[in-house]
Amino acid sequence: MLTRKQLDLLDFINSRIQRDGVPPSFDEMKEALNLRSKSGIHRLISALEERGFIRRLAHRARALEIVKLPESMSGDPAGGFTPRVIEGDKPESPRPANAQPVAEAPALELPVMGRIAAGVPIDAIAHASHNVAVPGAMVAGPGEHYALEVKGDSMIDAGINDGDIVVIRETATADNGDIVVALIEDQEATLKRFHHRGHAIALEAANPAYETRVLPEDKVRIQGRLVGLIRTY
């Protein structure tokens with residue numbers, strides 16, 4: 001039996017993983033549950049972990065994996081749940097009970113367009129270095145996709161670590177809170193959380209060691225939005 005707060009936190013973590021492919025930061029959890037401090041989030045996460053609903057990934061700061069969902073969330077009377085190791089940005093719609101099975105989309109190869117900085121911006125993305133196979137469902141949405149290797153730790157609280165491969169959908173626009181590839185003054189590319197503030201763009205890290213960069217909107221061009229993440233152990 002979960003408390004209301006535990007259930008709310010589990011639901012929030014699960015929905016953000018389904019949407020973004022990565023878990024939310026502790027600050028986002030605190031804000032979503034209207035708590036005053038992160039210590040309350042730590043206690044809720046520990047309780048969920050003890051009950052077997054989530055797992056903290058070893059050697060991955062604040063990286064979480066959903067192990068199972070309660071019946072009220074999973075809709076499965078048997079309580080079964082299969083963790084999604086790699087998830088795209090669009091959750092699957094529930095199928096009617098009489099629907100015919102649908103074949104899974106085959107894996108596709110995407111070009112890895114070099115490295116993207118999750119830290120201080122580095123040189124702009126250039127040419128593809130190699131290809132990487134990704135699940136077809138991850139890139140089933142409209143638009144072109146490409147992959148980037150992450151360099152740095154500024155997005156670690158969003159579950160994005162140095163060496164991860166991020167899958168990006170090409171787009172020139174973003175909503176507040178989206179994790180995007182931003183090109184600064186046509187010279188530097190970085191992976192950050194996007195916020196529009198009047199006539200300025202805030203590029204927010206998910207690591208308290210890095211400051212939020214606020215730039216005039218004409219100095220920033222959005223190159224794509226995060227839709228998935230691939231990690232090799």
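User: What phi does Gly21 take, just after H1?
Analyst: This is a predicted model, where local features need pLDDT of at least 70 and side-chain atom pairs 80 or more, while totals for chains, interfaces and linings use all residues. Numbering runs from 1 along each chain as its sequence is written, and side-chain values use heavy atoms, leaving out hydrogens and water. Right after H1, the phi of Gly21 is positive, at about 85°.

User: How far does helix H1 reach from its first C-alpha to its last?
Analyst: H1 covers residues 4-20, 17 residues in total (helices are DSSP runs of H or I, at least four residues, and strands are E runs of at least two, numbered from the N terminus). The expected span is 1.5 Å times one less than the number of residues. For H1 that gives 24 Å, and the model comes close to it, reaching 24 Å.

User: Which Phe of H1 is buried?
Analyst: Buried means under 20% relative accessible area, exposed over 50%, and partly exposed in between (1.4 Å probe, protein chains only). The buried set in H1 includes Leu7, Leu9, Leu10, Ile13 and Ile17, along with polar or charged names such as Gln6, Asn14, Arg16 and Asp20. The Phe in that set is Phe12.

User: Where is phi of Asn34, and is Asn34 buried or exposed?
Analyst: Asn34 sits in the loop between helix H2 (26-32) and helix H3 (38-50). Its phi is near 60°, positive although Asn34 isn't a glycine. Most residues other than glycine have a negative phi. With a relative accessible area of 69%, Asn34 is exposed.

User: How many Å apart in space are Leu110 and Ala133, C-alpha to C-alpha?
Analyst: Leu110 belongs to strand E3 (residues 108-117), and it counts as buried because its relative accessibility is 9%. Ala133 is 23 residues away from Leu110 in sequence. In space, C-alpha to C-alpha, the two are apart by 6.4 Å.
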